[in-house]
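Colleague: Could you take me closely through one part of this model, namely its strand pairing and the nonpolar packing that goes with it? Please add the loops and helices that belong in such an account.

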Amino acid sequence: MELRQLQYFAAICKEMHFSKAAESLCTTQSNLSQQIKFLENELGLPLFDRIGKRIALTEAGTILLEQSQLIFERVDYIQRAITDLKKMEGGKLDIGILPGDGDLLFDALLVDFHRSYPKLSLTVTESTEVYKEVAAGTRDLGVTTVPENPNERIAIVPLFHEEFVLAVRSDHPVAKSKAIPFEQIEQLKMVMFGPEHQITKLIHDYCHEKGVLIDNPVVTNTLSTLLLLVDQGVGACILPRMLLDYLNRENITVITLLHPTPSQDVCILYRKDKYLGLTAKKFMEALQSFIQNVSDRSSRSLG
């Protein structure tokens with residue numbers, strides 16, 4: 001059994017069509033069919049049921065496909081580990097983050113990290129499915145909220161505890177208060193991210209818990225617009241305290257929300273069984289150091 005044969009087999013499973021698979025592999029259909037025949041002869045069982053012009057996996061084919069994926073993952077692990085040894089600063093790193101987190105976690109950090117590792121190809125993608133993408137192996141690292149029931153293959157590295165606060169224009173009547181009860185937001189005009197955003201989902205969960213209704217909020221998809229609307233006195237918004245302290249907008253006042261104080265735990269995720277290169281480890285260290293510095297600054301601003 002050869003790795004190339006397994007790759008041919010996986011390509012057919014993806015296309016469920018011999019000629020399309022042959023085209024994607026840049027080989028002939030006759031060569032592809034021959035390699036699959038070699039596999040079937042070696043295993044002693046057919047891998048595909050031929051139903052007219054259509055094909056379907058047999059039970060043996062299903063088992064082979066599942067195990068082939070594990071083999072491909074190990075081969076990828078080996079290749080990336082060897083590449084890491086040959087060029088310590090090279091390679092690629094794909095990171096998934098929650099929408100909006102780039103403003104807090106990555107804008108300043110990425111500049112410094114790129115200067116330290118200029119040969120590294122770094123991709124940061126905002127997604128609402130960070131956990132699923134890391135679990136599927138399509139992201140090397142994920143920065144997201146701590147999952148409730150993580151797969152045993154997922155490593156969870158705690159990053160920080162995130163507290164959410166109310167942000168209002170500094171001349172707003174509420175700005176005179178250092179803290180207000182959570183349910184008081186019901187009396188305010190709110191500006192919010194769209195319903196798919198993690199922060200909006202979190203706020204709605206707390207509102208549901210307290211029986212609070214937010215009436216006709218102004219909705220935007222960008223942090224810059226959200227802050228502009230607050231700065232112009234259009235409404236108030238709820239954002240992470242660390243983010244607001246980091247941005248330090250002169251015309252925006254931060255107010256603590258009480259009973260409850262919305263919060264969530266943020267972590268780094270990666271696959272335990274997938275090779276974690278030196279660059280990924282260095283990035284995790286840089287991110288942890290950056291968050292610690294921002295957190296220290298936020299603590300000092302609280303006095």
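Modeller: The account below begins with strand pairing, goes on to nonpolar packing and ends with selected loops and one helix contact.

The model is a predicted one, in which local features need pLDDT of at least 70 and side-chain atom pairs count only at pLDDT 80 or more, while totals for chains, interfaces and linings use all residues. Residues are numbered from 1 along each chain as its sequence is written, and side-chain values use heavy atoms, with hydrogens and water left out.

Helices (H or I, at least four residues) and strands (E, at least two) are DSSP runs, numbered from the N terminus. Two strands are said to pair if DSSP finds at least two bridges between them. A suitable place to start is strand β6, residues 154-169. It runs antiparallel to β12 (residues 263-271), and 9 bridges join β6 to β12. Within that pairing, H161 has D265 of β12 as its bridge partner. Strand β6 also pairs with β10 (237-240), in the antiparallel sense and over 4 bridges; here L166 faces I238 of β10. A further antiparallel pairing, of 5 bridges, links β6 to β11, where R169 is the bridge partner of I252.

Strand β12 leads on to β5 (residues 141-145), since these two strands are joined by 4 bridges and run antiparallel. The bridge partner of T144 in β12 is C267. Strand β5 is also paired with β3 (residues 92-97), in the parallel sense and over 3 bridges, and I97 stands opposite V143 of β5. How much of β5 is buried? Taking buried as under 20% relative accessible area, exposed as over 50% and partly exposed as in between (1.4 Å probe, protein chains only), 5 of the 5 residues of β5 are buried.

The next topic is nonpolar packing. In soluble globular proteins, nonpolar side chains tend to be buried together. A nonpolar core is here a set of buried Ala, Val, Leu, Ile, Met, Phe, Trp, Tyr and Cys residues joined through side-chain atoms within 4.5 Å. The largest such core has 35 residues, and L166, F182, I185, M190, I238 and L239 touch the most other members. At least two residues of this core come from each of β6, β8 (191-193), α8 (198-210), α9, β10, α10 and β11. Two of the residues just named, L166 and I238, are also the pair that stand opposite each other where β6 meets β10. With contact taken as heavy atoms within 4.5 Å, and residues up to four places away in sequence not counted, F182 touches I203, Y206, C207, K210, V212, I238, L257, L258, H259, P260 and P262. Apart from the largest core lies another, of 25 residues, including Y117, L141, L287 and F290.

Two helices that supply residues to the largest core are α9 and α10. In α9 (residues 223-231), the buried residues are L223, L226, L227, L229, V230 and D231. Just after α9, G233 has a positive phi of about 80 degrees. Helix α10 contains L243, which counts as buried because its relative accessible area is 4%. L243 and I268 are 25 residues apart along the chain, and their C-alpha atoms are separated by 18 Å.

Several loops also deserve mention. Most residues other than glycine have a negative phi, and most peptide bonds are trans. The loop between β11 (252-258) and β12 holds P260, and the H259 to P260 peptide bond is cis, with omega near 5 degrees. N248, in the loop between α10 (241-247) and β11, is a residue other than glycine with a positive phi, near 50 degrees; its relative accessible area of 61% makes N248 exposed. M16, in the loop between α1 (3-15) and α2, is likewise not a glycine and has a positive phi of about 50 degrees. M16 counts as partly exposed because its relative accessibility is 31%.

After M16 comes the helix contact. Axes are lines fitted to C-alpha atoms, for helices over the stretch in contact, and angles run from 0 to 180 degrees between N-to-C directions. The axes of α2 (residues 18-25) and α3 (residues 29-43) cross at roughly 105 degrees and come within 9 Å. The two helices are therefore roughly perpendicular, where under 35 degrees is roughly parallel, over 145 roughly antiparallel, 65 to 115 roughly perpendicular and the rest oblique. F18, S19, A21, A22 and L25 of α2 make this contact with Q29, L32, S33 and I36 of α3.
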